[in-house]
Amino acid sequence: MFGLRRRETRSLPRTLGRLIEGLARPVPAAPEQRRSNPDAVVDCAVYHAGARRPGQLHYAHAVRQAHRQKDAFVWLGLHEPDEPTMAAIARVFGLHELTAEQAAAAGHRPAAEVIGEVTRLVLRTARYVEHEELTESSEVVDTGDVTVLIGDRFVITVRHGAAGALRPVRQELEQRPALLAEGPWAVAYAVSSRMVDLYLEVAAHVEHDLEALEEVSFSASKPPDIAHIYQLKREMVEFKRAVLPLQEPLQRLLDRDIVPTGLYPYLVDVRGRLNRAVDRVAGFDDLLNSILQARLAQVSVDQNNDMRKIASWAAIAAVQTAIAGIYGMNFEFMPELGWRYGYAGVLLLMAGAAVVLHRRLKKVGWL
């Protein structure tokens, strides 16, 4: 028994030595798990020297890769992200929490503001909805919004709604490396240009609808219902809220010298096309008001004509009622009361009076 304890005592230092040796030995690092982007991420890429770097990256990996190369930046495209997703993205990109909350919400007005080192640009999207004919519930213009967050090494586009898909913008911009080499503001210009082009495209379709509505309103056929005109007017109000408020934020960006010098002429061109869109939308509003006023005038004229017809027939009926009322008073001494043909004579008198009044009223245009 004592011999066994001595052997255990002698083997104890050897066991401790092996244990210490095992702890000192470097443990191989576990392979890093690849994280996938959330469903709200439409695309995420790193751009350097006007070209897209290959590979599908998680936005956190893309940020680290962009910081390793000079003049590289990340373009993260999102579609209707929820608040937890935007909060996680804000931690990675260093965004203010209020900026992330605003980007996760929809329905913002066009705006341009600088929060710290990040510029927030909000634009409204627009899309023309095809329809066979205008009704009191037809949707003519579908709108949404897109928020562009511009930083030193990144640009984040957050889109809400079905209108204004940005995939064509990315594809077109990737075909222009010289413009893409300007950095994140090149993406802001491309998105703004795309939105203004959509405004002009929608305006062209709406112009055709207004021309058709104007032609029907002043034609001899059945005119449109006033409810149809009001529905188109409501759609134009929504379209106007998307286009007109963008003028001030865009002008503010140009006045503050935030835009890089190489992109300044491009944004000036966007401002010019936006002014044309604003003029067309304002013209649509005036034309709709004219059509509505003309239609209301037509309704008033139709109502007056109806009232004339009703008054004319009431006058014809009043003569018959007066004659019948006189002979219905049952007095003893009345004209032709004892005449054999008195009843037929009174009927003939009533018919003759009705014919004379009808011809007279028709001649003056009341019937």
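Me: In this predicted model, what covers the buried residues of α5?
Reply: The model is predicted. Strands and helices both take part in covering the buried residues of α5. Among the covering elements are β1 (41–48), β2 (51–52), β3 (72–79), α6 (177–180) and α7 (184–217).

Me: Which residues of helix α5 are buried?
Reply: Helix α5 spans residues 167–174. Its buried residues fall within an arc of 100° seen down the axis, so they line one face of the helix. They are Val169, Arg170 and Leu173.

Me: Where does Arg170 lie?
Reply: Arg170 is one of the buried residues of α5. Its partner here is an aromatic ring, with 4.0 Å to the ring centre. Arg170 lies over the face of Trp75.

Me: Which residues form one aromatic cluster with Trp75?
Reply: The count of aromatic pairs comes to six. One of them is stacked, with 5.6 Å centre to centre and 25° between the planes. That pair links strand β1 to strand β3, across 26 residues. Both of its members are buried, and the cluster joins Trp75 with Tyr47 and Phe73.

Me: Is Asp142 buried or exposed?
Reply: Asp142 sits in strand β6, residues 141–150. Its relative accessible area is 15%. Buried means under 20%. Therefore Asp142 counts as buried.

Me: Which residues is Asp142 in contact with, leaving aside its neighbours within four places in sequence?
Reply: Asp142 belongs to strand β6. Contact here means heavy atoms within 4.5 Å. With those neighbours left aside, the contacts of Asp142 are Thr125, Ala126, Arg127, Val129, Ala162 and Ala163.

Terms used
Residues numbered from 1 in each chain as written. Predicted model: local features only at pLDDT ≥ 70, side-chain atom pairs only at ≥ 80, totals over all residues. Heavy atoms only, no water. Buried < 20%, exposed > 50% of the residue type's maximum accessible area, 1.4 Å probe, protein only. Helix = DSSP H or I, 4+ residues; strand = E, 2+ residues; numbered from the N terminus. Arc of directions from axis to C-beta. Phe/Tyr/Trp six-rings, centres within 6.5 Å; stacked < 30°, edge-to-face > 60°. Lys NZ or Arg CZ within 6 Å of the ring centre and 35° of its normal.
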